[in-house]
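Let's take a walk through this one together. Have a look at the fold below, and then we'll go from the whole chain down to single residues.

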Amino acid sequence: LKATKDLLYRPPLQIAMGNACGCGGNDDGPIISEVTGKRKALLVGINYRDTSSALNGCINDVVNQKAILISHYGFDEDNILMLTEDETEDRRRPNKKAIIDGFKWLYTGAQAGDLLFFQYSGH
């Protein structure tokens, strides 16, 4: 990010699109796309506290991912929705309804050139 007089300039970003292994699903490698529009992210972290399947670090994963999206990829904090067990508002706690509503929020108004990001950390 580069600050100019009264504006904050975000240069277009090129993103490699693909699955978790970094491949684009064909032999040509990852697909490169230029991001010129909005950047929105839905981050879900569930540690399953007080259960026999408890995990450690899933909430930390999404907290760290949020910081990286803001510092390295030009996301605005207002355009990142985080659902974790640490949230105090029911609508931000990671349950089926909140996750479905989160996806609706993520894709509502999406256009060509936007970057929509989803991360789930948990079982």
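The accessible surface of the protein adds up to about 8300 Å², and carbon and sulfur atoms own 51% of that. Keep in mind that you are looking at a predicted model. Of the 123 residues in the protein, 29% are buried.

How far can you trust it? The pLDDT averages 82 over the protein, and 73% of the residues score at least 70. Residues 1-7 have a pLDDT below 50, and beyond near neighbours in sequence this stretch makes eight contacts in the model. Where pLDDT is low, the predicted coordinates should not be read in detail, so those eight contacts of residues 1-7 deserve a light touch.

Now the layout. There are two helices and seven strands in the protein, and from the N terminus on the order is β-β-β-β-β-α-β-α-β. What share of the contacts with a separation of 6 or more joins residues 24 or more positions apart? It comes to 57%.

Start with helix H1, which covers residues 58-73. Its 16 residues reach 21 Å from the first C-alpha to the last, close to the 22 Å expected at 1.5 Å a residue. Which residues of H1 are buried? They are Cys58, Ile59, Val62, Gln65, Lys66 and Leu69. Seen down the axis of H1, these buried residues fall within an arc of 125 degrees, so they line one face of the helix. The general background is simple: an α-helix has 3.6 residues a turn, so residues three or four places apart point the same way. Over on the other side of H1, Asn60, Ser71 and His72 are exposed. As for what covers the buried residues of H1, the list includes strand E5 (39-45), strand E6 (80-84) and strand E7 (115-121). Right after H1 comes Gly74, with a positive phi near 70 degrees.

One name in that buried set may catch your eye: a lysine. Is Lys66 buried or exposed? Lys66 has a relative accessible area of 19%, and buried means under 20%, so Lys66 counts as buried. Leaving aside neighbours within four places in sequence, Lys66 is in contact with Leu43, Glu77, Ile80 and Met82.

Some of those partners lead us into the core. The largest nonpolar core has nine residues: Val35, Ala41, Leu43, Val62, Leu69, Phe75, Ile80, Met82 and Leu115. The elements giving two or more residues to this core are E5, H1 and E6. In soluble globular proteins, nonpolar side chains tend to be buried together. Try centring your viewer on Ile80: not counting residues up to four places away in sequence, Ile80 touches Ala41, Leu43, Lys66, Leu69, Ile70, Phe75 and Trp105. Apart from this core lies another one, of eight residues, including Ile46, Leu83, Ala98 and Ile99.

Ala98 and Ile99 bring us to helix H2, where both are among the buried residues. H2 spans residues 96-107, and its twelve residues reach 17 Å from first C-alpha to last, close to the 16 Å expected at 1.5 Å a residue. The buried residues of H2 are Ala98, Ile99, Gly102 and Leu106. Around the axis they cover an arc of only 95 degrees, which puts them on the same side of H2. Lys96, Lys97 and Tyr107, on the other side of H2, are exposed. The cover over the buried residues of H2 includes E5, E6 and E7.

To finish, a few loop residues. Gln111 sits in the loop between H2 and E7, and at 60% relative accessibility Gln111 counts as exposed. Gln111 and Gly37 are 74 residues apart in sequence, yet 7.6 Å apart in space, C-alpha to C-alpha.

The loop between E5 and H1 holds Tyr48 and Asp50. Most residues other than glycine have a negative phi. Tyr48, though not a glycine, has a positive phi of about 55 degrees. Asp50 also has a positive phi, near 60 degrees, and at 83% relative accessibility Asp50 counts as exposed.

Methods:
Residues are numbered from 1 along each chain as its sequence is written. This is a predicted model: local features need pLDDT of at least 70, side-chain atom pairs count only at pLDDT 80 or more; totals for chains, interfaces and linings use all residues. Side-chain values use heavy atoms; hydrogens and water are left out. Helices (H or I, at least four residues) and strands (E, at least two) are DSSP runs, numbered from the N terminus. The expected span of a helix is 1.5 Å times one less than its number of residues. Buried means under 20% relative accessible area, exposed over 50%, partly exposed in between (1.4 Å probe, protein chains only). The arc is that of the directions from the helix axis to the C-beta atoms. Contact means heavy atoms within 4.5 Å. A nonpolar core is a set of buried Ala, Val, Leu, Ile, Met, Phe, Trp, Tyr and Cys residues joined through side-chain atoms within 4.5 Å. pLDDT is the predictor's confidence in each residue, from 0 to 100. Accessible areas come from the Shrake-Rupley method with a 1.4 Å probe; for residues, only the protein chains shown count as cover.
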